[in-house]
Amino acid sequence: MSLVPLCSDLPQFLQGYLPNATKKETSIRPFITLTYAQSLDARISKGPGIRTTISHPETKTMTHYLRYHHDGILIGSGTALIDDPGLNCKWGRDSLANSPRPIILDTKQKWRFDGSKMQELYNKGLGKPPIVVVANDPAIKEHHVEYAICPMDKATKQIDWEKLFEKLKKDFNIQSVMIEGGAKVVNQLLLRNDIINSLIITIGSTFLGRSGTEVSPLQSVNLKGITWWKGTTDVVMCAKLDNE
Ligand SMILES: NC(=O)c1ccc[n+]([C@@H]2O[C@H](COP(=O)([O-])OP(=O)(O)OC[C@H]3O[C@@H](n4cnc5c(N)ncnc54)[C@H](O)[C@@H]3O)[C@@H](O)[C@H]2O)c1
Ligand SMILES: Nc1nc(=O)c(N)c(NC[C@H](O)[C@H](O)[C@H](O)COP(=O)(O)O)[nH]1
């Protein structure tokens with residue numbers, strides 16, 4: 001399905017929140033944007049296993065514009081398994097060149113590239129092959145997939161985000177990453193003002209109800225540098241996570 005044109009005021013609205021392609025990034029980590037679409041009751045889907053459209057076509061195009069500006073796009077295995085996303089970039093002329101590298105956080109190796117929409121796009125020359133994040137040398141190695149081995153923290157049984165992003169930059173030359181969900185990933189990273197450079201949230205004018213998958217971090221989070229855009233049915237908020 002093709003995209004509707006990008007709203008003319010969105011590039012300027014987003015400008016201060018995107019990685020600066022012309023400025024040499026000196027940090028040991030890539031520029032990281034956390035982005036997702038939520039309902040008015042802070043749900044990102046109708047419930048476990050239900051792929052749910054929240055964004056208006058205008059903000060869907062904005063998501064592809066954001067993909068255009070990043071080297072990598074990271075999602076959790078939950079999203080990969082439920083949504084079977086393509087994660088390519090349909091904005092601009094050259095889909096392959098403009099697409100970010102998909103990065104799937106799948107330490108339990110449940111997701112397969114084989115048979116996925118990502119593979120279909122890769123085979124058609126419309127998307128890049130993924131990097132799968134694993135904790136140990138993978139038991140199964142799929143053709144065209146690269147693996148980022150990132151040890152788990154023994155206490156939390158989670159990968160160390162800082163080490164992962166450092167690895168993505170050092171070993172895969174990923175200078176910017178857009179994080180597109182899902183809830184478990186977003187809830188962790190909303191607390192990481194030391195890692196996240198920009199937060200871009202689309203809010204759709206719908207309620208998804210209490211059985212929906214909720215985005216709500218463990219503790220309160222303050223924002224700064226807040227700015228809003230208003231579309232036909234959605235609003236978009238850009239902000240930075242505060243250090244307080
Ligand atoms: N509206 C949106 O913008 C949006 C975006 C993405 C996903 N979604 C929805 O979100 C839902 C999926 O969310 P979810 O929370 O179930 O899954 P998720 O995508 O957050 O993936 C969770 C999985 O990722 C892995 N993971 C996450 N953090 C990890 C860490 N620190 N270390 C190691 N592994 C880690 C684990 O395997 C975990 O089970 C789906 O319904 C999807 O449609 C909505
Ligand atoms: N911006 C946005 N609005 C939504 O309404 C929605 N449901 C998502 N969800 C993000 C999730 O990761 C999806 O799986 C991918 O957006 C699908 O990506 P593709 O179009 O297949 O490339 N994102």
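**Close-up views**

**View 1. Asp-106 sits in the loop that links strand 4 (101-105) to helix 5 (117-123).** Helices (H or I, at least four residues) and strands (E, at least two) are DSSP runs, numbered from the N terminus. What you're looking at is a predicted model, where local features need pLDDT of at least 70 and side-chain atom pairs count only at pLDDT 80 or more, while totals for chains, interfaces and linings use all residues. Residues are numbered from 1 along each chain as its sequence is written, and chains are lettered from A and ligands numbered from 1 in the order in which they are written. Is Asp-106 buried or exposed? Asp-106 is buried, because 22 other C-beta atoms lie within 10 Å; the cut-offs are 20 or more such atoms for buried, 12 or fewer for exposed and anything in between for partly exposed, with C-beta atoms placed from the backbone. Skipping residues up to four places away in sequence, Asp-106 touches Ser-77, Ala-80, Trp-111, Val-132, Val-133 and Val-134. A contact here means two C-beta atoms, placed from the backbone, within 7 Å. Val-236 is another story: its C-alpha atom is 29 Å from that of Asp-106, with the two positions 130 residues apart along the chain.

**View 2. The largest nonpolar core has 48 residues.** Such a core is a set of buried Ala, Val, Leu, Ile, Met, Phe, Trp, Tyr and Cys residues joined through C-beta atoms within 7 Å. Leu-74, Ile-103, Ile-104, Val-133, Val-177 and Ile-179 have the most contacts inside this core. Strand 1 (residues 31-38) gives the most to the core, with five residues. Zoom in on Ile-103 and you'll find contacts with Gly-72, Ile-73, Leu-74, Pro-130, Ile-131, Val-133, Leu-168 and Val-177, again leaving out residues up to four places away in sequence. In soluble globular proteins, nonpolar side chains tend to be buried together.

**View 3. Ligand 1 is surrounded by 26 residues.** To count, a residue needs its C-beta atom, placed from the backbone, within 6 Å of the molecule. The closest are Ser-45, Gly-76, Gly-78, Gly-181 and Gly-182. Which helix gives the most to this shell? It's helix 3, with five residues. Strand 1, strand 2, strand 3 (72-76), helix 3 (77-83), strand 8 and helix 7 each chip in at least two. By class, the shell around ligand 1 has 10 nonpolar, 11 polar and five charged residues. In this sorting, Ala, Val, Leu, Ile, Met, Phe, Trp, Tyr, Cys and Pro are nonpolar, Asp, Glu, Lys and Arg are charged, and the others, Gly among them, are polar.

**View 4. The peptide bond from Gly-181 to Gly-182 is cis, with omega near 0°.** Look for Gly-182 in the loop between strand 9 (176-179) and helix 7 (183-189). Gly-181 and Gly-182 are both among the closest residues to ligand 1.

**View 5. Ligand 2 has 16 residues around it.** Ala-37, Ser-55, Asp-83, Pro-85 and Gly-86 are the closest. The shell around ligand 2 splits into five nonpolar, eight polar and three charged residues.

**View 6. Thr-63 lies in helix 2 (residues 57-68).** Thr-63 counts as buried because 22 other C-beta atoms are within 10 Å. The C-alpha atoms of Thr-63 and Ala-37 are 9.5 Å apart, and the two residues are 26 apart along the chain. Ala-37 is also one of the closest residues to ligand 2.

**View 7. Ala-42 and Lys-157 are next, starting with Ala-42 in the loop between strand 1 and strand 2 (43-45).** Phi of Ala-42 is near 55°, a positive value in a residue other than glycine. Ala-42 is partly exposed because it has 16 C-beta neighbours inside 10 Å. Lys-157 also has a phi near 55°, positive despite not being glycine. Its place is the loop between strand 7 (152-153) and strand 8 (158-159). Lys-157 is exposed, since 9 other C-beta atoms lie within 10 Å.

**View 8. Thr-232 is in the loop between strand 12 (223-230) and strand 13 (235-241).** Thr-232 counts as exposed because it has 10 C-beta neighbours inside 10 Å. Beyond its neighbours within four places in sequence, Thr-232 is in contact with His-56 and Glu-58. Thr-232 and His-56 are 176 residues apart in sequence, yet their C-alpha atoms are 7.8 Å apart.
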